[in-house]
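Dear colleague,

Please find below the structure that I am handing over to you. My notes on its contents follow directly after it.

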Amino acid sequence: MTQPTQLPAWRALEKHRQEMAGVHMRDLFAADLQRFERFSLTFNDILFDFSKNRITEKTLSLLEQLAEECKLSAKIEAMFRGARINVTENRAVLHIALRNRSNRPILLDGDDVMPDVNRVLGMMRRFTEAVRSGRWKGCTGRSITDVVNIGIGGSDLGSRMVVQALSPYVDPSLRCTSFRTLMKPIWCRPFLVLTLKRRSFASPQKRSRPSRPWRMPSRPASGSSIK
């Protein structure tokens, strides 16, 4: 398989990057009063603003050319088809199933994964609503005040990005704190979330161990029966 860096479009992008190296962002906006409108996208209340990057219409055209030379459309189609495009682990990449609110069947080895996806999403909704409303009690019998994420790499950064992006919708009485280093005791009533992509990942599990001495397993959480 040809590497993207060996494709003509990549070499054209490298040349284009050199051409843009001396261009100032202020000049791009001064030369195009509609730059923000042309280089931004809006979906409901989500704004994707990429106008504040040193890009032009030529940049986008070259990126589209690179996507074509990489056969990106075929790879996207294979992902939606459930093909095992994760060649490292020989697995399908079904993130799309989590976002499939149309509930159209998504097949993996001939089986529709959507019933299981919807079941787990329903469990997640009931659990998170119980935590946010205060119905879920911790081992002290009181409502949860803090959510502590224990992760590393993408399992840390991804959680931080989600918390930041959704901050306008967060209940102010519930604090979300993300740690990627060894934790020290904190005075709060936390709910611990160990985030890892596979159970075989040892590092996040090791990093969660310092939290054990200050957990208080004196009684089960009141919402432990949520299904």
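**The nonpolar cores**

In this predicted model, the largest nonpolar core consists of 10 residues: Met-79, Ala-92, Val-93, Leu-94, Ile-96, Ala-97, Ile-106, Val-113, Met-114 and Val-117. Two elements, H6 and H7, each give two or more residues to this core. Apart from it lies another core, of 6 residues, which includes Ala-130, Val-131, Trp-136 and Val-147. As general background, nonpolar side chains in soluble globular proteins tend to be buried together.

Val-113 belongs to the largest core. Neighbours within four places in sequence aside, Val-113 is in contact with Leu-94, Ala-97, Ile-106 and Leu-108.

Two further residues make contacts with members of this core. Gly-82 is found in the loop between helix H5 (72-81) and H6. Its relative accessible area is 11%, so Gly-82 is buried, the cut-off for buried being under 20%. Once neighbours within four places in sequence are left aside, the contacts of Gly-82 are Ala-92, Leu-94, Leu-107 and Leu-108. Gly-82 also lies 7.3 Å from Ile-106, C-alpha to C-alpha, although the two are 24 residues apart in sequence.

The second of these residues, Asn-100, lies in the loop between H6 and strand E3 (107-108). Asn-100 counts as buried because its relative accessibility is 6%. Not counting residues up to four places away in sequence, Asn-100 touches Ile-106 and Met-114, both of which are listed in the largest core.

**Helix H7**

Helix H7 covers residues 114-133, which makes 20 residues; at 1.5 Å a residue they should span 28 Å, and the end C-alpha atoms are indeed 28 Å apart, so expectation and model agree. The buried residues of H7 are Met-114, Val-117, Gly-122, Ala-130 and Val-131. Met-114 and Val-117 are part of the largest core, whereas Ala-130 and Val-131 are among the residues of the other core. In general, an α-helix has 3.6 residues a turn, so residues three or four places apart point the same way.

What do the buried residues of H7 pack against? Their partners are helix H6 (95-98) and strand E4 (111-112). After H7 comes Gly-134, which has a positive phi, near 90°.

**Aromatic residues**

The structure holds 3 aromatic pairs. One of them is formed by Phe-39 and Phe-50, an edge-to-face pair with 6.0 Å centre to centre and 85° between the planes. Phe-39 lies in the loop between helix H3 (35-38) and strand E1 (40-43), and Phe-50 in the loop between strand E2 (46-49) and helix H4 (57-69), so this pair ties together parts that are 11 residues apart in sequence. Phe-39 counts as buried because its relative accessibility is 1%, and Phe-50 counts as buried at 15%.

Phe-127 and Trp-136 form an aromatic pair that is also edge-to-face, with 4.7 Å centre to centre and 90° between the planes. Phe-127 is partly exposed, with a relative accessible area of 22%, whereas Trp-136 is buried, with 10%. Trp-136 is also one of the residues of the core of 6 residues.

Phe-39 appears again in an aromatic cluster, which is formed by Phe-39, Phe-48 and Phe-50. In addition, the charged end of Arg-35 sits over the ring of Phe-39, 4.8 Å from its centre. The charged end of Arg-35 also sits over the ring of Phe-29, 5.5 Å from the centre of that ring.

**Asp-146**

Asp-146 lies in strand E5 (residues 146-150). Is Asp-146 buried or exposed? At 5% relative accessibility, Asp-146 counts as buried. Its side chain is joined to that of Thr-145 by a polar contact of 2.5 Å.

**The chain as a whole**

The protein chain contains 9 helices and 7 strands. Of its 227 residues, 24% count as buried. Among contacts between residues at least 6 apart in sequence, 58% join residues at least 24 apart.

With kind regards

Key. Residues numbered from 1 in each chain as written. Predicted model: local features only at pLDDT ≥ 70, side-chain atom pairs only at ≥ 80, totals over all residues. Heavy atoms only, no water. Helix = DSSP H or I, 4+ residues; strand = E, 2+ residues; numbered from the N terminus. Expected span 1.5 Å × (residues − 1). Buried < 20%, exposed > 50% of the residue type's maximum accessible area, 1.4 Å probe, protein only. Contact = heavy atoms within 4.5 Å. Phe/Tyr/Trp six-rings, centres within 6.5 Å; stacked < 30°, edge-to-face > 60°. Lys NZ or Arg CZ within 6 Å of the ring centre and 35° of its normal. Polar contact = N/O pair within 3.5 Å; in protein donor to acceptor, adjacent residues only side chain to side chain. Core = buried A, V, L, I, M, F, W, Y, C linked by side-chain atoms within 4.5 Å.
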